[in-house]
Amino acid sequence: GRGVQALIAIRIRPPSRRNIEAFRNWITTLPETIGVFVVSGSEDFLVHVAVRDNQDLYAFVIDQITVRAEVADVRTSVVYEHLHSTKIEPR
């Protein structure tokens, strides 16, 4: 029942340990969240989510993520196809 997946890039301000850890702990509890990557660069998080449709994705971003005080910026990319390896060969 979750036909839309997205990757959401999120920037936290100020980027303190307290804000990063609080956001990480919160986002991982949401049922839409598949995976959370804490990253370096211009964003602090990449969050992989699955929702029913584009309206639910919009509501998730606007009503849950952007209302948090520590969220400074959000960029959402819809996933067209998800390919992944189930086996990683040793080097």
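Phe23, Trp26 and Phe45 form one aromatic cluster in this predicted model, and the cluster is a convenient place from which to read the rest of the fold. Two aromatic pairs are counted. In one of them the ring centres of Phe23 and Trp26 lie 5.6 Å apart with the planes at 55°, so the pair is classed as tilted. Both of these residues belong to helix H1, where a spacing of three residues, about one turn of the helix, separates Phe23 from Trp26. The rings of Phe23 and Phe45 have their centres 4.9 Å apart and their planes likewise at 55°, so this pair too is tilted. Here the link is between distant parts of the chain, since Phe23 sits in helix H1 and Phe45 in strand S3, 22 residues away. Phe23 and Phe45 are both buried, and for Phe23 the relative accessible area is 0%. Trp26 has a further partner of another kind, for Arg68 lies over the face of its ring, at 4.3 Å from the ring centre.

From Phe45 one can pass into the sheet. Four strands make up an open sheet in the order S2-S3-S1-S4, with antiparallel pairing. Strand S2 (33–38) and strand S4 (71–79) stand at the edges, and because each has a single partner strand, one side of each is left without a neighbour in the sheet. From one strand to the next the twist averages 20°. In general, the strands of a sheet pair through backbone hydrogen bonds, in either a parallel or an antiparallel manner.

At one edge, S2 and S3 run antiparallel and are joined by five bridges, and within this pairing Val38 stands opposite Phe45 of S3, the residue already met in the aromatic cluster. The hairpin that these two strands make has six residues between the strands, and in it Gly41 adopts a positive phi near 105°. Thr33 also belongs to strand S2; with a relative accessible area of 16%, below the 20% limit, Thr33 counts as buried. Apart from residues up to four places away in sequence, Thr33 touches Ile27, Thr28, Val47, His48 and Val49.

At the other edge, eight bridges join S1 to S4, and these strands again run antiparallel, with Leu7 standing opposite Ser77 in S4. Arg75 is found in strand S4 and, at 45% relative accessibility, counts as partly exposed because this value falls between the 20% and 50% limits. When neighbours within four places in sequence are left aside, Arg75 is in contact with Leu7, Ile8, Ala9 and Glu43. The C-alpha atoms of Arg75 and Val61, which are 14 residues apart along the chain, are separated by 9.3 Å.

Strand S1 can be followed towards its end through Arg11, which is placed in this strand (residues 4–12). Arg11 is partly exposed, at 26% relative accessibility, and touches Ser42, Asp44, Glu70, Val71, Ala72 and Asp73 when residues up to four places away in sequence are not counted. Between the C-alpha atoms of Arg11 and Arg68, 57 residues apart along the chain, the separation is 11 Å; Arg68 is the residue that lies over the face of Trp26. Beyond the strand, the peptide bond from Arg13 to Pro14 is cis, with omega near -10°, and Pro14 lies in the loop between S1 and helix H1 (17–27).

The remaining step is to see how helix and sheet come together. Helix H2 (residues 54–65) lies across S1, strand S3 (45–51) and S4, running at about 20° to S1. The largest nonpolar core has 18 residues, and those with the most contacts inside it are Ile8, Ile10, Leu57 and Phe60. S1, H1, S3 and H2 are the elements that give two or more residues to this core, and the largest share, five residues, comes from S1. The contacts of Ile8 show what surrounds one of these central residues: leaving aside neighbours within four places in sequence, Ile8 is in contact with Phe45, Leu46, Val47, Val49, Leu57, Phe60, Val61, Ile65, Val74, Arg75 and Thr76. This list returns the reader to Phe45 of the aromatic cluster and to Arg75 of strand S4.

Terms used. Residues are numbered from 1 along each chain as its sequence is written. This is a predicted model: local features need pLDDT of at least 70, side-chain atom pairs count only at pLDDT 80 or more; totals for chains, interfaces and linings use all residues. Side-chain values use heavy atoms; hydrogens and water are left out. Buried means under 20% relative accessible area, exposed over 50%, partly exposed in between (1.4 Å probe, protein chains only). Contact means heavy atoms within 4.5 Å. Two strands pair if DSSP finds at least two bridges between them. Axes are lines fitted to C-alpha atoms, for helices over the stretch in contact, and angles run from 0 to 180 degrees between N-to-C directions. Rings of Phe, Tyr and Trp (its six-membered ring) pair if their centres lie within 6.5 Å; planes under 30 degrees apart count as stacked, over 60 as edge-to-face and the rest as tilted. A charge sits over a ring if NZ of Lys or CZ of Arg is within 6 Å of the ring centre and within 35 degrees of the ring normal. A nonpolar core is a set of buried Ala, Val, Leu, Ile, Met, Phe, Trp, Tyr and Cys residues joined through side-chain atoms within 4.5 Å.
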